[in-house]
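Please open the model in a viewer and keep the sequence panel visible. The tour below proceeds by selection, one stop at a time.

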Amino acid sequence: GWFYYENPSDLVKGFFVTAAHCTMGVKNQSYISISQAYILNPITSKWHKIDTNNIYVDGVGDIALIKTNIDLTDYLNVFLQLEDNEIKVGDVCYIFGNPGDHNSRALTTCNIKSLSYCDTTGFNQVESIEITCADTTSGSPIISSTGKVISMCTFSSGGPGINTLKSSLEKLKTCQHNKEKRFLGLDWYVPSPFQI
């Protein structure tokens, strides 16, 4: 994940973004929050215990916003912001993460493969970005060449697109969850050549 802010009032709250599935699970069709959470304080390099009541999830977009309450007002260099420039298929992007649990400080270079990715099962129901890298780390930011976040890894080759992130984080910053899927009752799939 990464520390995030949109406006100066966010800095004192120390917002941290990661994939929702890293902070909760589903049992008997109910959300279950993690019982304990720690985040490395980027100022002191010590573990900071998180109040799990300050974890807000978007179960549709697989996005979690954690209010760490670490005052980072004077530490703008630890934050990433959302991209405000147009991104295109083919653009270079970067992922920080721990692919395959081999290197916790890995920086991988890849390209944007699709700006409107949907998997063939219909599971992915939000506007998503697909990238050319695979085996990414859940919650890792996908960064543009300008150094801003364009997506976050929530599945093996991408995650929610910039518009999904913007609208989700706007709601989560109000300390509300978004756990309901309000979609038409459509079931679909992409047929294989053999089925056609």
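**Aromatic pairs and a hairpin**

Select Phe-16 to begin: this residue is buried, with a relative accessible area of 14%. The model in view is a predicted one.

Add Phe-3 to the selection; Phe-3 is likewise buried, at a relative accessible area of 7%. The structure holds four aromatic pairs, and Phe-3 with Phe-16 is one of them: the arrangement is edge-to-face, with 5.1 Å centre to centre and 75° between the planes. Phe-3 belongs to strand S1 (residues 2-4) and Phe-16 to strand S2 (residues 15-19), so the pair ties together parts that are 13 residues apart in sequence. Extend the selection to Tyr-5 and Phe-79, which ring pairs link with Phe-3 and Phe-16 into a cluster.

Next, select Tyr-117 and Phe-155. Their ring centres are 5.1 Å apart and their planes stand at 25°, so this pair is stacked. Tyr-117 is in strand S11 (residues 106-117), while Phe-155 is in the loop between strand S14 (149-152) and strand S15 (158-160); the pair therefore ties together parts 38 residues apart in sequence. Tyr-117 has a relative accessibility of 17% and counts as buried, the limit being under 20%.

Finally, select strand S5 (residues 37-40). Which residues form its covered face, and which the uncovered one? Ala-37 and Ile-39 make up the covered face, Tyr-38 and Leu-40 the uncovered face. In a regular strand, side chains alternate between the two faces of the sheet. Now add strand S6 (residues 47-50), which runs antiparallel to S5 and is joined to it by four bridges. Trp-47 of S6 is the bridge partner of Leu-40. The two strands form a hairpin with six residues between them, and Ser-45 in the turn has a positive phi of about 60°.

Definitions and conventions: Residues are numbered from 1 along each chain as its sequence is written. This is a predicted model: local features need pLDDT of at least 70, side-chain atom pairs count only at pLDDT 80 or more; totals for chains, interfaces and linings use all residues. Side-chain values use heavy atoms; hydrogens and water are left out. Buried means under 20% relative accessible area, exposed over 50%, partly exposed in between (1.4 Å probe, protein chains only). Two strands pair if DSSP finds at least two bridges between them. Rings of Phe, Tyr and Trp (its six-membered ring) pair if their centres lie within 6.5 Å; planes under 30 degrees apart count as stacked, over 60 as edge-to-face and the rest as tilted.
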